[in-house]
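Student: Please take one residue in a loop of this model and go through its surroundings closely, then place it in the whole chain.

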Amino acid sequence: MAAGMAFGFRLHTSVIGALGAFGLILAWGFALSWLMAFLGVSLRSAETVQTAGFLLVMPLGFASSIFAPASTMPGWLQAFVKVNPVTVVADAARGLMVGGPVAGPLLKSALWLAGLTAVSWILTLRRYRARA
């Protein structure tokens, strides 16, 4: 956030909104960490884990509304972008920091985060116990 402020980003809502966005982004990182932990206990080498993680996260990042609005993308891509969890989390964080819709994206984000964390956590623990 400090880097964004240094590059000219200005908060348009409130400190509470910024803290909420920061918490949401931390929760997203926590959810992804469980997914990466699952890859870590499932694959044989660090290089394979790194490659699989990149192949999973890269399309989610680039096929989202982080860099461009979904409405500017081809119709076939818009369908995926609108349900992409990165888009949902980014839209919620954007709404919390610069204004705009918050309730819908925040609810969808909570559902994605809870689902991704729960499924990844269960799969990671099962795989870890099976290896032990």
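Tutor: What follows starts at a single serine and works outward.

This is a predicted model, in which local features need pLDDT of at least 70 and side-chain atom pairs count only at pLDDT 80 or more, while totals for chains, interfaces and linings use all residues. Residues are numbered from 1 along each chain as its sequence is written, and side-chain values use heavy atoms, with hydrogens and water left out.

Ser65 sits in the loop between α3 (46–62) and α4 (75–83); helices here are DSSP runs of H or I with at least four residues, strands are runs of E with at least two, and both are numbered from the N terminus. Ser65 counts as buried because its relative accessibility is 8%; buried means under 20% relative accessible area, exposed over 50%, and partly exposed in between, with a 1.4 Å probe and protein chains only. Its side chain makes a polar contact with the side chain of Asp91 at 3.1 Å. Such a contact is a pair of N or O atoms within 3.5 Å; within protein, one must be able to donate a hydrogen and the other to accept it, and residues adjacent in sequence count only if both atoms are side-chain atoms. Leaving aside residues up to four places away in sequence, Ser65 touches Ala70, Val81, Thr87, Asp91 and Arg94, where contact means heavy atoms within 4.5 Å.

Two of these neighbours, Ala70 and Val81, recur in a nonpolar core of five residues, whose members include Ala63 and Leu77 as well. A nonpolar core is a set of buried Ala, Val, Leu, Ile, Met, Phe, Trp, Tyr and Cys residues joined through side-chain atoms within 4.5 Å. Apart from this core lies the largest one, with 15 residues, of which Ala21, Leu24, Trp28, Leu32, Ala93, Leu113 and Leu116 touch the most other members. The elements giving that largest core two or more residues are α2 (15–42), α5 (85–98) and α6 (103–131).

Leu55 offers a contrast: this residue of helix α3 counts as exposed because its relative accessibility is 55%.

As for the whole, the protein has six helices and zero strands, in the order α-α-α-α-α-α along the sequence. Its C-alpha trace spans about 50 × 35 × 30 Å along the principal axes. Of the 132 residues, 31% are buried. Among contacts between residues at least 6 apart in sequence, 60% join residues at least 24 apart.
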